Amino acid sequence: MQIYGFIYKIDSFCNYSNSWIILQDSYTDEKYGYFADKRPIEVLIKNSIINVDKPPGPTSHEVAFWIKQMFKVSKAGHGGTLEL
């Protein structure tokens with residue numbers, strides 16, 4: 001039985017120790033999508049949330065616009081104000 005290492009990577013990152021009981025390995029065909037740890041960077045950028053520590057000065061709207069240009073995506077926005 002091949003163990004899906006992504007779960008153990010998360011456990012390790014969170015400093016969590018647990019012995020997982022795997023009853024059955026899952027099977028999927030890659031024509032239905034990607035495993036979370038094998039997604040190409042283009043897919044991650046188009047379907048992700050990016051946390052930005054915005055410096056004082058540019059507006060939130062400007063930062064969202066720059067992100068759209070940098071990552072060549074048609075949609076980018078911000079939730080709430082980015083100002084303190």
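Here is a short friendly exchange about why certain features of this predicted model get the labels they do.

Me: What should I keep in mind about the model and its numbering?
Reply: This is a predicted model, where local features need pLDDT of at least 70 and side-chain atom pairs count only at pLDDT 80 or more, while totals for chains, interfaces and linings use all residues. Residues are numbered from 1 along each chain as its sequence is written, and side-chain values use heavy atoms, with hydrogens and water left out.

Me: Why is Asn-15 called exposed?
Reply: Exposed means over 50% relative accessible area, buried means under 20%, and partly exposed is in between (1.4 Å probe, protein chains only). Asn-15 has 75% relative accessibility, so it counts as exposed.

Me: And why is Ile-50 put in its class of exposure?
Reply: Its relative accessible area is 42%, which falls between the two cut-offs, so Ile-50 is partly exposed. You will find Ile-50 in the loop between H2 and H3.

Me: What makes Ile-50, Val-52, Phe-65, Trp-66, Met-70 and Phe-71 a nonpolar patch?
Reply: Patch members need over 30% relative accessible area and no salt bridge (a side-chain nitrogen of Lys or Arg within 4 Å of a carboxyl oxygen of Asp or Glu). Nonpolar side chains (Val, Leu, Ile, Met, Phe, Trp, Tyr) are joined within 5 Å, and like charges within 9 Å. Ile-50, at 42%, passes the area cut-off. Together the six residues have about 570 Å² of accessible area (Shrake-Rupley method, 1.4 Å probe, with only the protein chains shown as cover).

Me: What makes the phi of Lys-72 worth a look?
Reply: Most residues other than glycine have a negative phi. Lys-72 is not a glycine, yet has a positive phi of about 55 degrees. Lys-72 sits in the segment after H3, and a relative accessible area of 70% makes Lys-72 exposed.

Me: Where else does a positive phi turn up?
Reply: Asn-15, also a residue other than glycine, has a phi near 55 degrees. Asn-15 lies in the loop between helix H1 (5-13) and H2.

How values were computed:
Helix = DSSP H or I, 4+ residues; strand = E, 2+ residues; numbered from the N terminus.
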